[in-house]
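Welcome! Below are some short exercises to work through with the structure open beside you. Try each task before reading its solution.

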Amino acid sequence: MKRFLAILGREWRAYFLSPLAYVILAAFLVMNGLIFYAIVAFMSTPGAPKGQALPYLFTNTYFWIFNLFVVPIIAMRLFPEERKSGTIEVLLTSPVSEAMVVLGKFAGALGFFLTLWAPTLVFVFILRAQTPIDLGPVASSYLAVALLGAYFLSVGTFASTLTKNQIVAAILAFGMLIPIFSAGLLESLGSDPARRDLFGYLNLWDHMDEFSRGIVDTRHVVYYVSATALFLFLATVSLAAKKETP
Amino acid sequence: MIEVQNLTKSYPTQTAVADVSFSVKEGEIVGFLGPNGAGKTTTMRVLTGFLPPTSGTARIAGHDVRTHSKEARACLGYLPESAALYPEMRVREFLAYRARLEGISGADVRRRVDEAIGHCLLEEVADRKIDNLSKGYRQRAALAGALVHQPPVLILDEPTVGLDPAQIVKIREMIRALGRERAVLLSTHILPEVDAVCDRVLIIDRGRIVAEGTPQDLRTRLAGKPVVRAAFKGIVSVAERLAAIPGVLSVAIEEDPDETRARVECEASSDPREAIFQAAVEGGFVLRELAFDVASLEDVFVRLTHHEEAPVEAAVPPAAPEEARPS
């Protein structure tokens, strides 16, 4: 546990010691601020649909564009950087298992991802000052962000174990996330009910819709958690295999 | 503390380390000497658990690196070839991270970090970013990282590579001090290093250990016949006179414009220097120089790893595949 925390802490801090973190953070906050402004402006026009403003923050197209592009960039440095500096040798020859290394690094990246989202809680307070807010959907939305972030980052972590090159790692992660994300969109194309059900189960957009309305469906939670576990397991296997052929 | 038996590491296309056996005791510094690509790094990576061996066993402080990898790794401090550091971290942060990674916690971390900083003379730069340090300080920071948890076994892969002479002397002093209560295995392709630091030498070539012993021992055992160098003023014909001296095996003459140089190979444990002086006096030659040619470890090394000539001992099969070291 101490060792896990040591890896997590170093990883999380490493983000803030590189300019990349601030670029992502700034871009993310500017974009989300604009979207939030647009949502509130839209909701204030006469004839706008009644309801809460905040769910739109998690169901708009930019939300997905952001996650699909930025998560690979967050995860790309995890292992390639260690390989480049040779510190991977130090890490893997210290008395720490490969699974612990993968988990620690993944948790550090997830920590950074959640740090990106943390400032958006300000929006909740801004809205609360003006209008009554149902906090249930807010909580379930942020839970969904964490689950989705963990899922996508586990894919990114796996991709980063596959190569020494950060750019290649990011492209690989993006290449894996696109089918994961678009699988759900196939739901509307299938005519076979079983197939529709399968793709429906994978429809991330729909899941997010439900979470943002305060519905925490355990099937979705199970999907995210088990998929995250699967990709972290793959990352561990890949890391152990890479040891064989440095 | 380090025991290696019949260790072999092969890749699909080549054998990097072939049937290597050796041991390093506590309080001993063993130099692992060989040309680039001889299998030094591969052997060390197997010892540190970074690479699994193909066959054979390696033990660190009694723990098999394959079956009890974690225990073995816990007894080990490893300095990889590339001085693996996180450039964005400060020295103190880096050492604290290494200590925590080794399972040290709480107040101990600070104490061990301070000790390592003291040991490696890093006080001046302890709060500076590693990125901004000179190569010598970086190497020392990496060394401090390898010993922050005070392991009984240290494995150092080319600890002085790329340093300037003053820094090399410093690092060597540190290693010598460390070796007093630890088992240290260090690799190098720099010969004076072995002479300066090591109690014992293993010469490895093409994945095999071709010689083993103290630096002194290797010199006397493997350097071949003693050689006396003599120089005479002017161009003179001394060859026959020198060859006639008892104990002299061969004489090689080299003529400079104003000097005649003789390289006199003689039987082991014979000393023809006085006889050469006498011969010079009798022949009326002016002797300018007369001394034993001290065989250097370099000679031994070249002899053992130079493949055009047959090696003196422990012949290397000529078909042994060349290792292209994995990076």
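**Exercise 1. Find the order of the strands in the open sheet that contains S1 of chain B, and name its edge strands.**

Step 1. Four strands make up this open sheet of the predicted model, in the order S2-S1-S4-S5 of chain B, with antiparallel pairing.

Step 2. An edge strand pairs on one side only, and here that applies to S2 (14-24) and S5 (63-64) of chain B.

Step 3. Now look at one pair: S1 (residues 2-11) and S4 (residues 55-60) of chain B run antiparallel and share five bridges. Within S4(B), the residue opposite B:Thr8 is B:Ser55.

Step 4. Finally, add the helix: H1 (residues 40-47) of chain B lies across S1, S2 and S4 of chain B, at about 115° to S1(B).

**Exercise 2. Describe the hairpin formed by S9 and S10 of chain B.**

Step 1. Begin with the pairing: S9 (residues 200-205) and S10 (residues 208-213) of chain B are antiparallel, with five bridges.

Step 2. Pick a facing pair: B:Ile204 has B:Ile209 of S10(B) opposite it.

Step 3. Move to the turn, where two residues separate the strands. B:Arg206 sits in this turn and has a positive phi of about 45°.

**Exercise 3. Decide whether H3 of chain B is largely enclosed or largely open, and find what its buried residues pack against.**

Step 1. A residue is taken as buried when 20 or more other C-beta atoms lie within 10 Å of its own.

Step 2. By that test, 10 of the 11 residues of H3(B) are buried, so the helix is largely enclosed by the rest of the structure. Among them are B:Phe94, B:Leu95 and B:Tyr97, as well as the charged residues B:Glu93, B:Arg98 and B:Arg100.

Step 3. The packing partners of these buried residues come from both chains: H1 of chain A, and H4 (107-119) and H5 (135-147) of chain B.

Step 4. After the helix comes B:Gly103, with a positive phi near 90°.

Step 5. Check the confidence too: H3 (residues 91-101) has the highest mean pLDDT among the elements of chain B, at 93, while H11 (residues 297-305) of chain B has the lowest, at 70.

**Exercise 4. Work out the surroundings of B:Pro226: is this residue buried or exposed?**

Step 1. Locate the residue in the loop between H8 (215-222) and S11 (227-233) of chain B.

Step 2. Count its neighbours: 21 other C-beta atoms lie within 10 Å, so B:Pro226 is buried.

Step 3. Look beyond neighbours within four places in sequence, and B:Pro226 is in contact with B:Cys266, B:Ala268 and B:Phe292.

Step 4. Compare sequence with space: B:Glu267 is 41 residues from B:Pro226 along the chain, yet their C-alpha atoms are 6.9 Å apart.

**Exercise 5. Put the open sheet that contains S11 of chain B in order, and find the helix that packs on it.**

Step 1. The four strands are arranged as S12-S13-S11-S14 of chain B, and their pairing is antiparallel.

Step 2. At the edges are S12 (248-255) and S14 (287-293) of chain B, each pairing on one side only. On average, and ignoring direction, neighbouring strands are turned by 15° against each other.

Step 3. S11(B) and S13 (residues 259-266) of chain B pair over seven antiparallel bridges, and B:Val228 faces B:Val264 of S13(B) across this pair.

Step 4. The helix is H10 (residues 273-283) of chain B, which touches S11, S13 and S14 of chain B. Its direction makes about 165° with that of S14(B).

**Exercise 6. Describe how chain A meets chain B, and how confident the prediction is.**

Step 1. Count the contacting residues on each side: 20 from chain A and 23 from chain B.

Step 2. Find the helices of chain A that each give at least two residues to this side: H1 (2-16), H6 (87-93) and H13 (218-244).

Step 3. Sort the residues of this side of chain A by character: eight are nonpolar, six polar and six charged.

Step 4. Read the scores: the model has ipTM 0.85 and pTM 0.81. Mean pLDDT is 88 for chain A and 83 for chain B.

Note on methods: Residues are numbered from 1 along each chain as its sequence is written. Chains are lettered from A and ligands numbered from 1 in the order in which they are written. This is a predicted model: local features need pLDDT of at least 70, side-chain atom pairs count only at pLDDT 80 or more; totals for chains, interfaces and linings use all residues. Two residues are in contact if their C-beta atoms, placed from the backbone, lie within 7 Å. pLDDT is the predictor's confidence in each residue, from 0 to 100. Two strands pair if DSSP finds at least two bridges between them. A residue is buried if 20 or more other C-beta atoms lie within 10 Å of its own, exposed if 12 or fewer, and partly exposed in between; C-beta atoms are placed from the backbone. Axes are lines fitted to C-alpha atoms, for helices over the stretch in contact, and angles run from 0 to 180 degrees between N-to-C directions.
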